[in-house]
Amino acid sequence: MVLKRKRLLAGGFILCLLMADAPATSFAQNTLWLPPGSNTSSEDASVGEITKKTVQFKGPALLGRLLFRSPSLLGEKAVRIGLSCNSCHPAGHVNTGFYISGLSNRPGHIDVTHGFWNAASEDGIFNPRKIPTLRGIRDTAPYGTGPTLPDLHAFTRHVIVNEFAGPTPSRWSLDALVSYLLLLEKQTGTDMIVQSPFSPATDLVSLLEPPLHAGDKTAYTLIGDLIIEELGRQINEENRQGYTQLARAIKKMRPVSSGASLNERQARYQRLLSLSRQLDKP
Ligand code: HEC
């Protein structure tokens, strides 16, 4: 079973699968994999994205947010140290304290063309670059300083596959990521809000409706794992029990996500939804 899934999914997902059993596990041990003096955590972790007031992170944009926060999107090294897009660009901005000994020359700078990430992209030069903000990114094409690419789809793909040696992203995951990036605004203002970094359980569970409706087990598993990972990031003493229960319920439903009848799948989806509504109650 596990072996089959390993073949089905790219290496990066193995960690989420492990986490699926224990959403309470955090990446507390990350730093053990890095040279002393490194700092990949962000002081800004509690800050949300600046967007137009009317924006709600639901559907593809929420999926994009989960991908942006997920180490599974990037390569094996990133998974091991718990690194995601969000580690360098927290909530689409800049982690000014980001530092990896040997890959950074000063905080907020990193060599993204180093063999550490992807042996094939090693350019043989120690050239850390300043981590840029992604706020207002839709208006600042072309992207990047090494190869410059004309659009966000192409650049995001380049970041995942070439810089971090991650698995080739599916069309829908690239679309979701880009739809998230397009919502990031440059500065606060009267028609802007700062989003809560916390995604309600109901919105997360709603992402499972389309794959359950279609009986698409592969998509159900991928999205389910992203949700379980996010529950792990949002877990605290108060919600621990409920979140663990929800994570288990999502995982348990995998086999029926394609096997059972449409009615059965819909009924089970409703049960997940009511469980998540309970958790969102203030
Ligand atoms: C280890 C830190 C790090 C991680 C992880 C990271 N980036 Fe970046 N990002 C950078 C640096 C440094 C640059 C500037 C280098 C360059 O231009 O090639 C950059 C540039 C970019 C740019 C171009 C900005 C511009 O104005 O030209 C985009 C878009 C971007 N990153 C998106 C992402 C996305 C999406 C992810 C996750 C898939 C990601 N980054 C992961 C460090 C990081």
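Tutor: A polar contact is a pair of N or O atoms that lie within 3.5 Å of each other. Keep that cut-off in mind as we read this model, which is predicted.

Student: Which residues come nearest to the ligand?

Tutor: The shell around the ligand holds 25 residues, and those that come nearest are Cys-85, Cys-88, His-89, Gly-144 and Thr-145.

Student: How far from an oxygen atom of the ligand are the backbone atoms of Gly-144 and Thr-145?

Tutor: For Gly-144, a backbone N or O atom lies 2.9 Å from an oxygen atom of the ligand, while for Thr-145 a backbone N or O atom lies 3.0 Å from a ligand oxygen atom. With His-89 the side chain is involved, since one of its polar atoms lies 2.9 Å from a nitrogen atom of the ligand. Turning to secondary structure, the elements that give two or more residues to this shell are α5 (85-88), β3 (129-130) and α6 (152-163).

Student: Which element gives the most to the shell, and how do the shell residues divide by chemical character?

Tutor: Helix α6 gives the most, with 6 residues. By character, the shell around the ligand consists of 17 nonpolar, 5 polar and 3 charged residues.

Student: What donates to the iron atom of the ligand, and at what distance?

Tutor: The only protein donor of the iron atom is His-89, through NE2, at 2.2 Å. His-89 itself is found in the loop between α5 and β2 (109-110).

Student: How is a pair of aromatic rings described, and how many aromatic pairs does this structure hold?

Tutor: A pair of aromatic rings is described by the distance of the centres and the angle of the planes. The structure holds 5 such aromatic pairs. One of them is formed by Phe-57 and Tyr-180, with 5.5 Å from centre to centre and 40° between the planes, and this pair is tilted. It links distant parts of the chain, with Phe-57 in the loop between β1 (50-52) and α3 (59-68) and Tyr-180 in helix α7 (residues 171-181), 123 residues apart.

Student: Are Phe-57 and Tyr-180 buried or exposed?

Tutor: The cut-off for buried is a relative accessible area under 20%. Phe-57 has a relative accessible area of 7% and is therefore buried, and Tyr-180, with a relative accessible area of 0%, is buried as well. Tyr-180 also pairs with Phe-68: the ring centres lie 5.1 Å apart and the planes stand at 45°, so this pair is tilted. Here too distant parts of the chain are linked, with Phe-68 in helix α3 and Tyr-180 in helix α7, 112 residues apart. Phe-68 is buried, with a relative accessible area of 2%. Ring pairs thus bring Phe-57, Phe-68 and Tyr-180 into a cluster.

Student: Where does the charged end of Lys-77 sit?

Tutor: The charged end of Lys-77 sits over the ring of Phe-116, 4.8 Å from the centre of that ring.

Student: What is the usual sign of phi, and what is the usual form of a peptide bond?

Tutor: Most residues other than glycine have a negative phi, and most peptide bonds are trans. In this structure, a cis peptide bond joins Ala-141 and Pro-142, with omega at about -5°, and Pro-142 lies in the loop between β3 and α6. As for phi, Ala-91 has a positive value near 50°, and Ala-165 has a positive value near 55°.

Student: Where are Ala-91 and Ala-165 found, and how accessible are Ala-91 and Ala-165?

Tutor: Ala-91 is found in the loop between α5 and β2 and is buried, with a relative accessible area of 8%. Ala-165 is found in the loop between α6 and α7 and is partly exposed, with a relative accessible area of 36%.

Student: To return to polar atoms, what lies 3.1 Å from the side chain of Ser-38?

Tutor: A polar atom of the Ser-38 side chain lies 3.1 Å from the backbone nitrogen of Ser-101. Ser-38 has its place in the loop between α2 (13-21) and β1, and it is buried, with a relative accessible area of 15%.

Student: What can be read for Gln-270 in helix α13?

Tutor: Gln-270 lies in helix α13 (residues 262-280) and, at 43% relative accessibility, counts as partly exposed. The C-alpha atoms of Gln-270 and Glu-209 are separated by 9.3 Å, although these residues are 61 residues apart along the chain.

Conventions. Residues are numbered from 1 along each chain as its sequence is written. This is a predicted model: local features need pLDDT of at least 70, side-chain atom pairs count only at pLDDT 80 or more; totals for chains, interfaces and linings use all residues. Side-chain values use heavy atoms; hydrogens and water are left out. A residue is near a molecule or strand if one of its heavy atoms lies within 4 Å of it. A polar contact is a pair of N or O atoms within 3.5 Å; within protein, one must be able to donate a hydrogen and the other to accept it, and residues adjacent in sequence count only if both atoms are side-chain atoms. Helices (H or I, at least four residues) and strands (E, at least two) are DSSP runs, numbered from the N terminus. Ala, Val, Leu, Ile, Met, Phe, Trp, Tyr, Cys and Pro count as nonpolar, Asp, Glu, Lys and Arg as charged, and the others, Gly among them, as polar. Rings of Phe, Tyr and Trp (its six-membered ring) pair if their centres lie within 6.5 Å; planes under 30 degrees apart count as stacked, over 60 as edge-to-face and the rest as tilted. Buried means under 20% relative accessible area, exposed over 50%, partly exposed in between (1.4 Å probe, protein chains only). A charge sits over a ring if NZ of Lys or CZ of Arg is within 6 Å of the ring centre and within 35 degrees of the ring normal. Donors are N, O and S atoms within 2.8 Å of the metal (3.2 Å for Na, K and Ca); water is not among the atoms, so sites may look incomplete.
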